[in-house]
Amino acid sequence: MSAKHDNVSSSFELFLLNEGAGEKKITEKPFAGMSNTSDFIILKEDHTIGNLLSEHFKLHPHVMMAGYKGNNTSHSCNLTNNNIQTQQSPNQEAVAHPNVPEVLIRLQTDGTVTPREVFVDVCKQLVASLGQLAQNFTREYELRRMATAGDHDNAPGGGAGGKP
C-alpha cells in the first residue's frame, strides 16, 4: 500500500468486528443527564441503521425521545405533551472520524420499561417485519417467474427454444 493510502481501511474492516480487540456491535451507556435514557453506540454501521431504528423507536408507546447521530448528521424527535418537535442539525459533537462507521442512538423512555428493553423489542419487531417482507418478495418473484415461463410456453412456436 502506498503512503498516499495508509489511512484507508481495508474494505472488510468497514463492516467486520475485530472481536480479538474486544469490539462489540452494540454498547449501551446510561446517559446521566436525563432519567430513563441510554446512549447506544453501534459499530460498523452508518445513518441508514440509525434512521431506521430511531424512526421505529419513536413509534413505541413508552418512548419519550429517540434520535441518532452519525458521522455527519444529527436527527432527533422530542415528544412532549403530544407536541412533536423534530430537529435536524449538523453534527456538532463528532461520534467518530468520518472513516469510522459508527452511529450513536439516544433513547429515553417513560420509565415503565428500560431503554434496553425497548431497543430489544423494536429490533425483534424489525426482524419479523423484514422476514415477512422477504417472504412476500420471494412469493411474488416466483409467481412472476412462473407467469413469464407460462407466457413463453404458450407463445407461437411452442415451448423451450421456440420448437414445437
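**Exercise 1. Place Ser-54 in the fold of this predicted model, and determine whether Ser-54 is buried or exposed.**

Solution. The starting point is the secondary structure, where Ser-54 lies in helix 1. The next step is the accessibility: the relative accessible area of Ser-54 is 1%, and since buried means under 20%, Ser-54 is therefore classed as buried. The last step is to list the neighbours, and once residues up to four places away in sequence are set aside, Ser-54 touches Ala-66, Gly-67 and Tyr-68.

**Exercise 2. Describe the order of helices and strands along the chain, and state what share of the residues is buried.**

Solution. Counting the elements gives 2 helices and 6 strands, and reading them along the sequence gives the pattern β-β-α-β-β-β-β-α. Turning to burial, buried residues account for 24% of the 164 residues in the chain. For the surface as a whole, the accessible area is about 11,400 Å², with 55% of that area belonging to carbon and sulfur atoms. The contacts can be sorted by sequence separation: of those between residues at least 6 apart in sequence, 56% join residues at least 24 apart.

**Exercise 3. Work out which strands are joined to strand 2 and how many bridges are involved in each case.**

Solution. Strand 1, residues 26-30, and strand 2, residues 37-43, run antiparallel and are joined by 5 bridges. Within this pairing, Ile-26 stands opposite Ile-42, and Pro-30 has Ser-38 as its bridge partner. Strand 2 is also joined to strand 6, residues 102-109, by 7 bridges, and these two strands likewise run antiparallel. Here Ile-42 stands opposite Val-103, so that Ile-42 has Ile-26 opposite it in strand 1 and Val-103 opposite it in strand 6.

**Exercise 4. Determine which residues of strand 2 point one way and which the other way, and how burial is distributed between the two groups.**

Solution. A general expectation comes before the assignment: in a regular strand, side chains alternate between the two faces of the sheet. In strand 2, Thr-37, Asp-39, Ile-41 and Leu-43 point one way, whereas Ser-38, Phe-40 and Ile-42 point the other way. The residues of both groups are all buried, in agreement with the count for the strand, in which 7 of 7 residues are buried.

**Exercise 5. Examine the backbone of Asn-36 and Lys-44, and decide for each residue whether it is buried or partly exposed.**

Solution. As background, most residues other than glycine have a negative phi. Asn-36, which lies in the loop between strand 1 and strand 2, has a positive phi near 55°. The hairpin that contains Asn-36 has 6 residues between its strands. At 35% relative accessibility, Asn-36 counts as partly exposed. Lys-44 is found in the loop between strand 2 and helix 1, and its phi is also positive, near 65°. With a relative accessibility of 16%, however, Lys-44 counts as buried.

**Exercise 6. Characterise the second largest pocket by its volume, its lining residues and the chemical classes of those residues.**

Solution. The volume of the second largest pocket is about 150 Å³. Its lining includes Lys-25, Ile-26, Ile-42, Ile-49, Leu-52, Phe-119 and Cys-123. Helix 1, residues 47-57, and helix 2, residues 115-153, are the elements that give two or more residues to this lining, and helix 2 supplies the largest share, 5 residues. By class, the lining divides into 10 nonpolar residues, no polar residues and 1 charged residue. Ile-26 and Ile-42, which both appear in the lining, also stand opposite each other in the pairing of strand 1 with strand 2.

**Exercise 7. Locate Lys-69, and find how far apart the C-alpha atoms of Lys-69 and Arg-106 are.**

Solution. Lys-69 lies in strand 3, which covers residues 63-69. Its relative accessibility is 18%, and Lys-69 therefore counts as buried. Along the chain, Lys-69 and Arg-106 are 37 residues apart, while their C-alpha atoms are separated by 8.4 Å.

Note on methods:
Residues numbered from 1 in each chain as written. Predicted model: local features only at pLDDT ≥ 70, side-chain atom pairs only at ≥ 80, totals over all residues. Heavy atoms only, no water. Pairing = 2+ DSSP bridges. Helix = DSSP H or I, 4+ residues; strand = E, 2+ residues; numbered from the N terminus. Buried < 20%, exposed > 50% of the residue type's maximum accessible area, 1.4 Å probe, protein only. Contact = heavy atoms within 4.5 Å. Areas by Shrake-Rupley, 256 points an atom, 1.4 Å probe, with all protein chains shown as cover. 1 Å grid on protein atoms, 1.4 Å probe; cavity = no way out; pocket = protein on both sides within 12 Å on 5 of 7 lines; lining within 4 Å. Points joined across faces, edges and corners; volume = space filled by probe spheres on them. Nonpolar A, V, L, I, M, F, W, Y, C, P; charged D, E, K, R; others polar.
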